[in-house]
Amino acid sequence: MPADPIPGIVDAHTHLASAGARTPEEVDAIVARAVAAGVEKLCTVGDGLAEAELALAAAQHNERVFAACAIHPTRARELDDAARARLTEMVADPRCVAVGETGLDTYWIRHEPERTAPLEVQEEALRWHIDLAVSSGKALMLHNREADEELMAVLADAPRPVETILHCFSSPLAVAEEALERGYVLSFAGNVTFKRNEELREVARITPRGQLLIETDAPYMTPEPFRGGRNEPAIIGHTALCVAEARGQDVADLALELSETFQRVYQRG
Ligand SMILES: [Zn+2]
Ligand SMILES: [Zn+2]
């Protein structure tokens with residue numbers, strides 16, 4: 001069963017289309033279950049052009065939904081001229097609040113290189129998305145899988161967007177300290193609840209107010225006690241409770257803090 005409703009909670013990064021919401025009715029059904037769990041608003045992410053179109057359509061259809069549009073780093077080869085032109089249009093839409101998810105992912109390069117894009121292709125796509133975030137004044141939402149050093153180096157070298165979010169933050173404490181020092185926002189997903197991830201809970205503990213978000217990354221990253229099962233925004237409460245406990249914070253206060261950060265990060269401009 002889901003946790004008790006936590007009024008005002010947010011989901012900063014989810015994939016409604018991949019979780020099965022591809023029509024307006026399906027979007028409304030998933031959002032209605034989330035609202036019953038207290039979720040006030042959520043950001044849905046497109047990781048390919050078709051998914052970005054669905055994310056934007058969902059955001060235009062349902063007032064609780066905001067969109068992030070980009071081509072995922074593992075799909076960076078899809079970022080052709082037509083995709084660049086269309087993404088530029090989508091990001092200009094007021095319902096699109098972030099350029100994401102972009103970033104770097106070396107995991108698949110090491111394991112199944114034919115399923116992903118080479119690192120230099122990923123980096124070129126990342127730099128293009130960073131420029132788009134800067135020129136549009138929208139937040140930059142980053143994916144990082146086993147690419148701490150490479151990603152932090154590109155970010156240090158590239159122009160600085162108005163907000164930089166490290167989604168599904170899973171890096172070591174030293175990387176977190178550097179990211180926080182630079183003013184980035186860390187968004188924690190269901191893996192913060194996993195027993196072995198002590199260090200990640202320590203990162204959540206030290207993250208200052210205003211630099212913290214939480215997310216489901218649904219349909220992936222299902223939190224305990226549902227690990228291995230289906231994820232959706234309605235079960236964000238388990239991650240919220242875990243993060244609140246790690247921070248020694250009342251969950252209602254955490255919800256308020258997250259709502260303020262969501263508002264600042266995604267709704268300027
Ligand atoms: Zn990701
Ligand atoms: Zn994601």
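## Exercises: cavities, a pocket and two zinc ions

About 40 Å³ of space lies in the second largest cavity. Keep in mind that this is a predicted model.

**Exercise 1.** Work out which residues line the second largest cavity, and how they divide by class.

*Solution.* Start with the lining: Leu155, Ala158, Pro159, Arg160, Pro161, Thr164 and Tyr184. Now sort them by class, which gives 5 nonpolar, 1 polar and 1 charged.

**Exercise 2.** How many cavities of 30 Å³ or more does the structure have, and what lines the largest cavity?

*Solution.* First, the search: going over the whole structure turns up 3 cavities of 30 Å³ or more. Next, the volume, which for the largest cavity is about 50 Å³. Then walk around its wall, where you meet Leu142, Asn144, Leu151, Leu166, His167, Cys168, Phe169, Ser170 and Ser171. Last, the classes: 5 of these residues are nonpolar and 4 polar, with no charged ones.

**Exercise 3.** Describe the largest pocket: its volume, its lining and the elements behind that lining.

*Solution.* Begin with the volume, about 750 Å³ for the largest pocket. There are 26 lining residues, and His72, Asp105, Trp108, His143 and Arg145 are the closest to the centre. On to the elements: strand S4 (96-105) and strand S5 (139-145) each give two or more residues to this lining. S5 gives the most, with 3 residues. Sorted by class, the pocket lining comes out as 6 nonpolar, 10 polar and 10 charged residues.

**Exercise 4.** Which residues coordinate the zinc ion (ligand 1), and where do His143 and His167 sit along the chain?

*Solution.* Step one is to list the donors of the zinc ion (ligand 1): Glu101 (OE), His143 (ND1) and His167 (NE2), at 1.9 to 2.1 Å. Step two is the sequence spacing of these donor residues, E-x41-H-x23-H. Step three is to place the histidines: His143 is in strand S5, while His167 is in the loop between strand S6 (164-166) and helix H7 (173-181). These two are 24 residues apart, and the pair links distant parts of the chain. Finally, check exposure: His143 and His167 are both buried. You've met this pair already, with His143 among the residues closest to the centre of the largest pocket and His167 in the lining of the largest cavity.

**Exercise 5.** Find the donors of the zinc ion (ligand 2), and explain why their arrangement is irregular.

*Solution.* The protein donors of the zinc ion (ligand 2) are His13 (NE2), His15 (NE2), Glu101 (OE) and Asp217 (OD), lying 2.1 to 2.3 Å from the metal. Now look at the angles: the 4 donor atoms subtend 87 to 175°. A tetrahedral arrangement needs all angles between 85 and 135 degrees, so a range of 87 to 175° isn't tetrahedral, and the arrangement counts as irregular. In sequence, the donor residues are spaced H-x1-H-x85-E-x115-D. His15 lies in the loop between strand S1 (9-14) and helix H1 (24-36), and Asp217 in the loop between strand S8 (212-214) and helix H9 (236-247), so the pair ties together parts 202 residues apart in sequence. His15 is buried, with a relative accessible area of 1%, and Asp217 is buried too, at 8%.

**Exercise 6.** Which residue coordinates both zinc ions, and how far apart are the zinc ion (ligand 1) and the zinc ion (ligand 2)?

*Solution.* Compare the two donor lists: Glu101 appears among the donors of the zinc ion (ligand 1) and again among those of the zinc ion (ligand 2). Glu101 therefore coordinates both, and the two ions are 3.5 Å apart.

Methods: Residues numbered from 1 in each chain as written. Chains lettered and ligands numbered in written order. Predicted model: local features only at pLDDT ≥ 70, side-chain atom pairs only at ≥ 80, totals over all residues. Heavy atoms only, no water. Donors = N, O, S within 2.8 Å, 3.2 Å for Na, K, Ca; no water. Tetrahedral: all angles 85-135°; square planar, octahedral: opposite > 155°, others 65-115°. Helix = DSSP H or I, 4+ residues; strand = E, 2+ residues; numbered from the N terminus. Buried < 20%, exposed > 50% of the residue type's maximum accessible area, 1.4 Å probe, protein only. 1 Å grid on protein atoms, 1.4 Å probe; cavity = no way out; pocket = protein on both sides within 12 Å on 5 of 7 lines; lining within 4 Å. Points joined across faces, edges and corners; volume = space filled by probe spheres on them. Nonpolar A, V, L, I, M, F, W, Y, C, P; charged D, E, K, R; others polar.
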